[in-house]
Each structure stands twice: as structure tokens, then as C-alpha cells.
Amino acid sequence: MKTEPTQLPTPVTTDGLTNYPPIEKWDDWVEYDSKAWPKKVPRHYTLVPTVCFNCESGCGLLAYVDKETLEIQKFEGNPVHPGSRGRNCAKGPATKNQIYDPERILYPLKRTGKRGEGQWQRVTWDEVLDDIAARMRKAIQEERHNEIMYHVGRPGHDGYLERVIQAWGVDGHNSHTNICSASARTGYVLWGGFDRPSPDYANANVILLVSSHLETGHYFNPHAQRIIEGKMDGAKLIVLDPRLSNTASHAHHWLPTWPGSEAAVLLAIANHLIQNNLYDREFVRRWVNWEESLKALRPDWEITFDNFDRLMRELYAQFTPEFAEQESGVPADRIIEAAKTVANCQGRLAAHVWRSAASGNLGGWQVARTLFFLNVLTGSVGTPGGTSANAWNKFVPKPFAAPPPQKKWNELLLPKEWPLAHYEMSFLLPHFLLEGRGKLDVYFTRVYNPLWINPDGFIWLKALRDENMIGCHIALTPTWNESAWYADYVLPMGHAGERHDLMSQETHAGQWIAFRQPVRRVAMERQGQKVNFTYEANPGEVWEEDEFWLQLSWRIDPDGSMGIREHFESPYRPGECITVDEYYRWIFENSVPGLPEAAAKEGLSPLAYMRKYGSFEVTEENYTPYEKKVAGLEGLQSTNGNLPSPYTTDETSRVLKDGQVVGVMVDGEVKVGIATPSRKLEFYQPTMAEWGWSEIEYTVPHYLKSHVHPDNIDRAKGEMLLLPTFRLPTLVHTRSANAKWLYEISHRNPVWMHHEDARRIGVVSDDLVKVETEIGYFVGKVWVTEGIRPGVVAMSHHLGRWRLQDISGVNQMSSALVTLEESDDGKFTIRRVHGARAYESADPDTSRIWWEDVGVHQNITHAVHPDPVSGMHCWHQKAINVTKAGPNDHNGDIMVDTNKSLQIYREWLATTRPAPGPGGLRRPLWFKRPLKPDIKQFYIVEEQTKPTE
Ligand code: SF4
């Protein structure tokens, strides 16, 4: 088994070069000034570790801060970071572009004209804090808690803001999860109560990816390096993807499935394992709720494992390779080959889906459920080379004090229609506001561009510009975006290297934490300079959220009478506001096992250790934690099936003490088990049945026909499937618009189209095509390729940025200047005035911009498709028609009919099966929420039984 290096790799190679600067030289590292060549001019750097903020992976960075000028020369990898191990993708080093972007927002801005007019004045942080705090105080004092909402795009931290929001006592956390991963989360939760997979790629025998994960995945660089390690060690790679992605090009088995058919293929593989006795019977017997499944599905059968085996054979017999071929278009013999490969994994199947097919399709959550079924059948759950739960490999330390759960439930976040959603119905917020379900008084968007990233963006525009729906919109953002244009305050926040955050991700079988730091501030402090707030060290007055939230919360409750202030008092200086240093000092001293000892060995405080290294490995490996015996109950024996008082077991073998479940009895031992109600992996899912989804297609791993199933796409009429769920590896969703290196590499998003379809409509590469969606159309260039299935067009989803004024708004190198028009009948159009072009600025490179095309904003032409179970926006779109553009069509044209979009919203809304569930619940108690309210808030019985007026 491979080891995960936690210390600096041997720094000096045989040719005398170093892989990384040795740690003992980080305080004074010398390199020659490349610009002074051929003279040898040494420059002295202090190297400060921090954490990349350009995706969710949390890779380590090492900032080279010039000791003389305090400028950041470059960002490279942090070699001691256990997740990224010194490596980064292109987006890590490009942090430098973002920091020195000549168009970045440097000071807090307040709107002066009408919303959306683009008129701003510079204000002080004090003015900002006083004004927003007063507004929030008033809302809370007037019991309008649900009018305060924080809406996050890229979180980039663990736990910090959740604590702040709970201290305010509001149910106000909104996320982007339902346009990202709600479906995959649902599939995993239904199996094991955890909502993400953590595959151990480096030690796998078989790697199965339902996506282009190797090149763009969740935890992209940390996973990519381990996938390649696994492959170099002999692992077989299976990829399901309708596109010939870079990932598919590395596969031993590429299965180009019709989008939405993935579960049929995965079940055909499962069926191969079951019918041929190739599954791990012992694992399934020990860890699957098979007794409960049999009782529910075949109550007349005797409860024996043989009968469960018989049940599985019956249930899955229909999923033959031929059936899978019919659904997916992939030849049956290739599916059988892949199935044989999976069958040979020997408990080492590392499998992953996150967005991709899960997020594209109605019922996409069954893609995750059927994929994990293969882990279950092969016994590859938490094993070396298998797939773990994220919770087993991610470590989130507790802060100094936890506020109580909020005593509110905000139906703008989780309305009754989607009781099982994971999580907030974020992309429908403007639809709910338009319907009059509520309103917002204080709305924070934080590193989030909802108008641009969500489907149906013109409905967002309608809500964002309406002060009756959103009283005050505060955009906390490092860079301009389309939504910030409609804000009342635009508050500049730091990039990686300009802020504090604590992160951990399930990148492999161990656990780590990493510390994001404002590197210039740390460099100044190393030189003995005092810095009170991070904005004193960052460019202009760019701040960080950590300090902003502390100061804001302190001012909401100036005398402590609201019970908010107490949660922000320093644990070291009673009665005074906690500092960011104290916040992390407390965590590192008290909540991270092993860190104080490791720091003491070097004569450092835990905080100083983290400032020096930027990361800490908490656990080297954490395999099969569910097999652990419950501490203190190792010797517990049953007599005639009974446990000694005060312990009891129930019919599902759970072990209870005083009515509380403490473990599960497996072969006579009390084990920790799985985080489900049964403490087993749940094949049959009782919660689904109890909440109105009792059909077999919903209760067990099964196949649900997608809204873009071939039955629903009439190709004879010219209809196609628009696949918008992939991204380019060099871009961040919206924040790469101010990274010149990244935009030079990729700045346009052509429509991928197969040769057959191109011939049919008479286009060649770079011709303009008009793609008609359910609610409008867009015009963009086409790329004709063999690397896409006929009948499918695909388009990367994070290009097509636009701005409404020539020299303000989204960066000029990455956006098009457009006109935006609205008609009386609810139609919006966007037309491009010009694309990117060279311009003069403090950065000479902006005068060298050579590209004009910046792609097309396709999401705004998508109808919303909220899955009735997971709440996921099902991204795939029916393209009503794809034609060669006409003489009046121009690159970048967009038209949307918002009346049609609202109609489609209502059609999907009608497919839900609303709460209440059992006992009058809004949501199953065991389902997660990012910020779980007080348990009483889960019940709507009281409301139901109110007398009618
Ligand atoms: S994968 Fe790339 S963008 Fe993501 S954190 Fe790592 S270096 Fe940054």
C-alpha cells in the first residue's frame, strides 16, 4: 500500500536541484530576480503557506512574499499539505493574477443611483458595519428573522459562518448545493447517512468514474494525482461519459452512455455480480439491512439471507446488458467487459459521482445510489482501495463555543414541497419571492453570482432589482460579477492569500486540516509590524469575511441584550470581542488531536505551528471505522438474545441504552456501525416509503427514466439533448474572470456537436448555431467532433460573461459588453456590442489581449427542473431545435420568455409530494441540514391543527 507523504519529500535531487525550498529556509529563501537577467540579483522571500480558494479541494499553496517590497512574487504548492502534497492545478498559481488584477474592487462601495444603474460611492468599513448591523438588529427585534439570509457560492471554510448565523438566531443559511450536488448527496445519504463518497484511488484495483472527474472533479488535483497513481499501479479505469473527455481518453473502458441511462448500465453490472454469485455475500450479510428489506418487500418470505439473495436476483434480473444497451446505446458486450472488471476488484473499487449524470437528470440521485450499490456488492466500503464516507476522512474541529440551534424554520429555504431536498432550494429563491412566499430585508451573497450561475437567470434579475422583494442586497465578493451589479453594497473580500479559513476535505483515506492565511499580513507580522485587521495588509481595503462577521455581529447587539454578543466574546479576554488570532488559537489548542503535541516538539504554540506549516495531518488512515467496537461495550454478551440491563436490542439488531441507539450488534459484537437509522447500509430505504415514495423504483437502488430519456427527445423533429454539466479544468465557475493566465488558455465555450448532426444541419466548426431551449434560445459557435454522442450537444457551463457598461462590471478581458432589453410580455434579450478587447491599464498585459470571443451565457436560457425528491436542478435541457444561425443571429445572442420559464417551474412543482411526513414532520429528523434548527421546528403539526378562521 502506498504511503501518504506528510513531510517534505527529499528536497535535493541527484543533480543538486530542489523540489521545494527546505522548510528551514522558508523564513529567508533566496532566488535570483528573473527580470534582472543576465545580472544575478538575489531577492529574499519569506514563504507563507496558505490554501487555494479557487475550488473546493483546499490544496496547499506557498506564497513567496518579497521581504523588501512585501509583494507576492508567486504561489507554488505547499509540500507538507497532506491532500495536495505540493501539487496544484493551473488555478492555484493563478491566484497571483486575481490579487493583482487591475480591475479588482479595492474599497467598499455603496449604490447611489437606482439598482442596476451602476453608480457607486466609496464608503468606509465603519459606515458599512453600522448600517447593516442596525438593519439586522431591527429585523431581529421585530421578529423578522426569516428576512435575513446569507447565500454562499464557494464556502471555502469549515464551520465558521455556520456558527455566526446560529449566533444570530436566524434560519438563514442558503447554499448553491441544489445546482451542484444535491442529487448525488441524496443517493449516498439513502445508503449510509453520509452525503459524499471518498474513494481511495491510489490503492484501488478498479476506478469507476461517472464523470470527467480526473480532469475537473470535485477535489480535482488531490484526486487526479491519486487516480494516476492507482492507474500506474495497475488499476483499471472505467468512465461513463457521453463526451470523449480527457478523463475518458485515459480509460480502459469508456462507456459513452446516453445522458440519463447511467443507472441502467450500473444495474446491469450489479446484476452480473448477483446472478453469477460474484458479490461479497459476507459483507452484504453483515452490513446491509437485508432483514428489514425482506420484511418490507417480501413480508411472506422467511427472513434468511438466502431469501434476500433470491430477492436481489428477482429485482435485478430485468437489468440485462441488452436492456442497458437499449437505454444507453453502449454495446452489451462492452458493458459485460466492464462488469467483469468490476467483479475482479477484490474489495478495491474506488467509485465516484458528484455532479455529472447525478446532477443532469430527473432521478439522478439513483445514479449515486446504483453506483454505491457496486461498492456494497464488492465489499469495497471503507476498505483500502475502496470508497469511504466523506465523514470518515474529513476532520472539522469544534470552535470555542457553539450557539444553540435556531428556533426558526425558513420556508424560503426548505418549503414543504421538497421535504427530502439536499439542501436548500436555492435556485428557486426568486421564484418563491415572486410568488409572495416571503421577502428578504438583508440578503448577503457571498462569493456567489446567482443571476449568472443559476438556471432561469432573468427571474433572478427580476428579484434582485426589486427592493420590495430584497430590501438590501450585500455582495461580498473578490471580483465584479453580474449579480453584484444589482447590489446595494459591494464589499471586496480576499482571494486565497488574503484571508483566514480552516479547511479539510476527504481527499484520501486520512484526515487533515489546512489553514488559509492572509500572507502579506503574516509577512508583516514576521517583520514585527502590528496589524489590527487584515484589510490593513491587503491591497486597498480588501477584507476577509472572518473579521467582517465578528465586527458585524458585535455591532448588531451593542449592549449584549439580544444574546448575540456573548457568542463573540474572547475566551481569553472576557467581555471583549474575539480576534481572528484568538478564534483559531483556541481551535488549534483544544480541538485538533495531536496538534499541541506536534507543536510542542518544535517549541511552538499550536497557532504558530499552523502559521508556519499551513496544514496538519490528523489521521494518517481511517479505514472501515464502522467495524470499530463501541468503546466500553467490547465485552457485552447476549444471553438468549437478551443484553444485560440497561442495554437492549431491537428487531434490526441495534443496541440501545435508555432508549438511545449506541451501536449495532453484528455477529455478537457491538459495532459503531453506519450513520443511518438502522446503523446498517440501507438497501431498502424505509424513509422513502414513509415520505410517500413507496414504489420500488424509489425505495431500492433502481433506474428512473430521466426527463431527457430518448422517449422525450424527438430526434426526427430535430430535437436534441443539451448537456451543460461539464467544466474546463482551467476555469473557476465565475471567479476566473480576473485571472489573465487562465483566460488566455480558455475563454470560449463552443457547442460540441457530432459530425452526423453537423452534416444534418449544414454546419462546420466555428459556424454559428442557434440552440432553442424550452424557454428561449442562445447563439454560439459550434465545434464539430467525434467526441460526443450523436443527438447530444454539449457546452461547458462557466463562460459567457457579460457587463452592461464599457469599463465597469465584469473584467474587460473576460466579458462582452451587451445590451439588455425587456419587453412588456416578459421577454428578455441580450445582444453583444463587442467581446473582449485590449485596453490600457496598470498591467501591460491587458493591452495584449488577442481574443474577442468570450463564449455564451447558456444557463440563463435554461428552464428550472427541480427534482421532486432531491430538490436538485436537473441540468440537462431538451434542445427544441438546433439550427444553423440565420442572418439576424449574432454570436452571444440570448432571448428568454420568463412567462414560459415560470410555467415550467409550475409543471415541475406539481410533481412534488409535499410534507408533512410521519408525525407531522417537515423533514426526516435524520436527514442533514447545513444548520439544523431546534428539533421543534421540524414539526408542522401545530400549524395543521390550527382552527380554520
Ligand atoms: S484543485 Fe486547483 S483550484 Fe482546486 S484547490 Fe487545488 S490548486 Fe486550487
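**Notebook: confidence, Lys-740 and the H10/H11 pair**

I noted that pLDDT (the predictor's confidence in each residue, from 0 to 100) stays under 50 over residues 944-949, for which the model has 2 contacts (heavy atoms within 4.5 Å) beyond four places in sequence. This is a predicted model, in which local features need pLDDT of at least 70 and side-chain atom pairs count only at pLDDT 80 or more, while totals for chains, interfaces and linings use all residues. Residues are numbered from 1 along each chain as its sequence is written, and side-chain values use heavy atoms, with hydrogens and water left out.

I then checked residues 1-10, where pLDDT also stays under 50 and the model has 25 contacts beyond four places in sequence. Where pLDDT is low, the predicted coordinates should not be read in detail. For the protein chain I recorded a mean pLDDT of 95, with 97% of its residues at 70 or more.

I looked up Lys-740 and found it in helix H27 (residues 740-745); helices are DSSP runs of H or I, at least four residues, numbered from the N terminus. Lys-740 counts as partly exposed because its relative accessibility is 21% (buried is under 20%, exposed over 50%, partly exposed in between; 1.4 Å probe, protein chains only). Beyond four places in sequence, I listed Asn-97, Met-813, Asp-843 and Asp-845 as contacts of Lys-740.

I turned to helices H10 (residues 290-297) and H11 (residues 305-316) and read that their axes come within 10 Å and cross at roughly 60°; axes are lines fitted to C-alpha atoms, for helices over the stretch in contact, and angles run from 0 to 180 degrees between N-to-C directions. I entered Trp-290 and Leu-294 of H10 and Phe-308 and Leu-311 of H11 as being among the residues that make the contact.

How values were computed
Helices (H or I, at least four residues) and strands (E, at least two) are DSSP runs, numbered from the N terminus.
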